[in-house]
Amino acid sequence: MTSPSFAGDQDKVGEPQFDQKHNDITNVSSVGGRGEPDRGEEPRSLSHAMLTYDILIVGSGGAGLYAALESRLEEDLHVAVLTKVYPTRSHTGAAQGGVNAALGNRDPTDTWEQHWFDTIKGSDYLADQDAAELMCREAPEVVRELEHWGAPFYRTEDGRIAQRPFGGASKPRACYAADKVGHIMLHTLYEQGLRHGVDYFNEWVTLNLIHDGQRCMGVTAYSIRTGRLHTIQAKAVILATGGHGRIYWRRTSNAYGNTGDGSAIAYRAGLPLKDMEFVQFHPTGLRRSGILVTEGARGEGGHLLNVLGERFMARYAPDKMELGPRDLVARAIETEVREGHGGPDDELFLDLTHLGKDQIIERLPQIRQLCINFEGVDPVEEPIPIKPTVHYSMGGVHTDINGCTPIEGVYAAGETACVSVHGANRLGGNSLLDILVFGRRAGRHAVGYARRIKLGPMPQGAYDEAERCLEELMEGDGKETVAGIRSDLGQIMATKAGIYRHAAGLEEALGDLEHLKDRYRRMTIKDRSPVFNTEMLAALELRNMLTLAEVLTLGALARTESRGAHFREDFPQRDDEGWLKHTVARLGSDGRPALSFTPVAVSRFAPEARTY
């Protein structure tokens with residue numbers, strides 16, 4: 001079957017015409033033939049041309065934008081970012097509370113070594129200690145570099161970067177700008193990327209990596225704007241598409257686009273995924289929507305209350321109270337609900353009223369507005385109804401400290417990657433740090449790699465494979481819909497692979513997922529329009545989510561212990577003797593995940609009891 005609405009000839013890799021008012025490519029100056037691109041004037045048409053870049057970044061969150069900027073600082077390589085949203089709409093913009101760095105601006109006794117230990121302890125000792133050490137050492141440098149590029153962090157009275165307490169941290173080291181840190185980071189990095197000549201392909205979706213098993217050659221991509229397929233040749237590809245929290249669909253703080261695209265693309269290309277069973281539930285999502293209420297609200301002094309008005313965290317983390325690590329606080333909330341201490345919708349409450357209106361408006365203005373808009377509650381006047389919400393994916397594409405993968409020229413960074421610096425549970429403030437440190441390192445390494453090699457010939461069949469992917473979505477019996485399968489996926493994962501897990505539920509979930517995959521094969525796309533076909537986009541995203549949900553659930557079933565965000569009710573204790581190791585999943589010859597295990601890198605901190 002052919003589907004002219006969604007496919008173009010392999011040579012026709014660009015848009016047929018460019019209307020400058022509606023151009024979906026920003027800064028493009030790199031279109032030429034099959035060899036090295038012609039760097040002349042910006043073309044009015046991309047028909048019959050091969051897009052060719054030295055480095056292509058897939059994803060425009062903090063990690064992708066930092067990698068792109070680092071790749072273009074000397075402006076001798078041609079660099080592009082391919083993103084399914086406009087860069088400043090990426091999910092990094094939802095990060096609210098702060099980015100960790102041991103600057104010592106609020107507490108002069110803070111050191112990177114203390115930050116390192118807090119990270120390892122918070123990870124429940126599953127983080128690779130050499131990688132975490134590097135991240136904490138480089139934290140002050142990358143935060144100050146971001147500041148020098150123009151990021152408007154809040155200031156102390158003497159003009160230094162302001163810092164606040166965050167969960168699981170022994171010192172106040174989260175550098176902040178009200179409750180909009182991710183937003184200011186995105187804008188800073190995007191502006192600098194434009195300044196240095198990075199090209200941006202907005203509203204494009206990557207379908208597959210093009211490689212020969214050992215070396216990267218580029219990607220196939222789908223333009224949401226036109227519905228056409230494209231091949232983009234590149235010496236290096238950096239995957240930075242964020243996490244996969246939308247697998248849980250209704251119970252997540254993640255943006256609708258966080259469907260694990262980069263991880264799924266890598267997995268289908270034969271690359272290993274690591275520690276996918278570890279999914280963090282943030283303790284404080286808004287009751288109805290799951291929208292994040294930053295940990296900074298508790299860092300400013302907010303109290304968690306049950307329906308009885310008790311500060312119940314005294315029973316679970318008597319020293320740290322509300323500023324315990326996220327896995328512990330989320331389980332505490334879930335336990336309170338199970339014991340009948342929740343509200344009518346199984347909600348608990350975050351009370352900020354004692355902070356006063358002035359402090360809330362100065363430090364948490366966005367949180368206040370979100371509460372008013374989505375809950376009808378003004379936190380100045382009454383407690384915020386909250387529930388734990390899926391927030392972060394500790395697992396991802398297995399990489400080294402430079403973002404390298406087993407395929408030469410393929411990199412991953414940010415939440416798409418698993419270095420591993422977060423282990424079984426990420427500390428608040430370390431995600432933004434991760435994307436800065438490892439986005440920069442991936443960009444630097446890709447520069448060295450791209451300067452060493454030449455572009456090779458594109459393999460036969462790469463375009464055809466992507467075309468078949470779209471054609472198959474036209475061939476179902478029409479009885480299944482994206483929305484129906486997606487909703488059932490979210491329900492299965494939330495109820496059977498959520499905060500509390502056990503073997504029976506996980507085994508049921510695997511069977512349910514197999515049924516959903518069969519339903520997906522029978523699904524058909526009814527919208528045949530090539531322009532902004534959101535049904536096609538949702539179907540491609542659902543394919544990725546189903547792929548990763550199976551890997552996640554199988555890893556959770558295999559890990560017969562409780563560690564960090566992974567809590568097995570049938571195995572409630574941590575087992576360092578049997579499970580101080582990473583789970584690694586590859587696509588098996590039978591089309592199912594094949595699991596293996598690798599040891600955790602332990603350099604200084606021997607595992608010990610984790611108390612707060």
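This passage walks through the domains, some of the strands and one pocket of a predicted model.

Starting with the overall layout, the protein chain is split into domain 1, covering 283-390, and domain 2, covering 481-588. Taken over C-alpha atoms, the centres of domain 1 and domain 2 sit 28 Å apart. Domain 1 puts seven residues into the contact, and domain 2 puts in six residues.

Next comes strand β15, made up of residues 348-351. Both of its faces are covered: Leu-348 and Leu-350 are buried on one side, and Phe-349 and Asp-351 are buried on the other. That split fits a general pattern, since side chains in a regular strand alternate between the two faces of the sheet. β15 has pairing partners too. Strand β14 (residues 303-305) pairs with β15 over three bridges, in the antiparallel sense, and Leu-305 has Phe-349 as its bridge partner in β15. Strand β16 (residues 384-393) is also antiparallel to β15, again joined by three bridges. Here Leu-350 stands opposite Ile-384 of β16.

Moving to an earlier stretch of the chain, β9 and β10 make a hairpin with four residues between them. In the turn, Gly-213 has a positive phi of about 100°. The two strands, with β10 spanning residues 216-223, run antiparallel and are joined by seven bridges. One such pairing puts Asn-208 of the hairpin with Thr-220, its bridge partner in β10. How enclosed is strand β9 by the rest of the structure? Seven of the eight residues in β9 (residues 204-211) are buried, so the strand is largely enclosed by what surrounds it.

There is also an open sheet of three strands, in the order β5-β7-β6 and with antiparallel pairing. As a general point, strands of a sheet pair through backbone hydrogen bonds, in either a parallel or an antiparallel way. The edge strands here are β5 (99-100) and β6 (163-164), each of which pairs on one side only. Two bridges hold β5 to β7 (residues 174-175), with the two running antiparallel. Within this pair, Val-99 stands opposite Cys-175 of β7.

The loop between β6 and β7 is where Pro-172 is found. Is Pro-172 buried or exposed? Its relative accessibility is 15%, and because the cut-off for buried is under 20%, Pro-172 counts as buried. Setting aside neighbours within four places in sequence, Pro-172 is in contact with Arg-106, Asp-107, Gln-163, Arg-164 and Pro-165. Ala-102 lies 70 residues away along the chain, yet its C-alpha atom and that of Pro-172 are separated by 8.6 Å.

Finally, there is the second largest pocket, which holds about 680 Å³ of space. Its lining comes to 18 residues, and those nearest the centre are Arg-268, Glu-472, Tyr-520, Arg-543 and Thr-547. Which helices each supply at least two residues of this lining? They are α5 (261-268), α11 (462-472), α13 (503-521) and α14 (534-558). As for character, the lining of the second largest pocket is a mix of eight charged, seven nonpolar and three polar residues.

Notes: Residues numbered from 1 in each chain as written. Predicted model: local features only at pLDDT ≥ 70, side-chain atom pairs only at ≥ 80, totals over all residues. Heavy atoms only, no water. 1 Å grid on protein atoms, 1.4 Å probe; cavity = no way out; pocket = protein on both sides within 12 Å on 5 of 7 lines; lining within 4 Å. Points joined across faces, edges and corners; volume = space filled by probe spheres on them. Nonpolar A, V, L, I, M, F, W, Y, C, P; charged D, E, K, R; others polar. Buried < 20%, exposed > 50% of the residue type's maximum accessible area, 1.4 Å probe, protein only. Pairing = 2+ DSSP bridges. Domains from an automatic or database assignment. Contact = heavy atoms within 4.5 Å.
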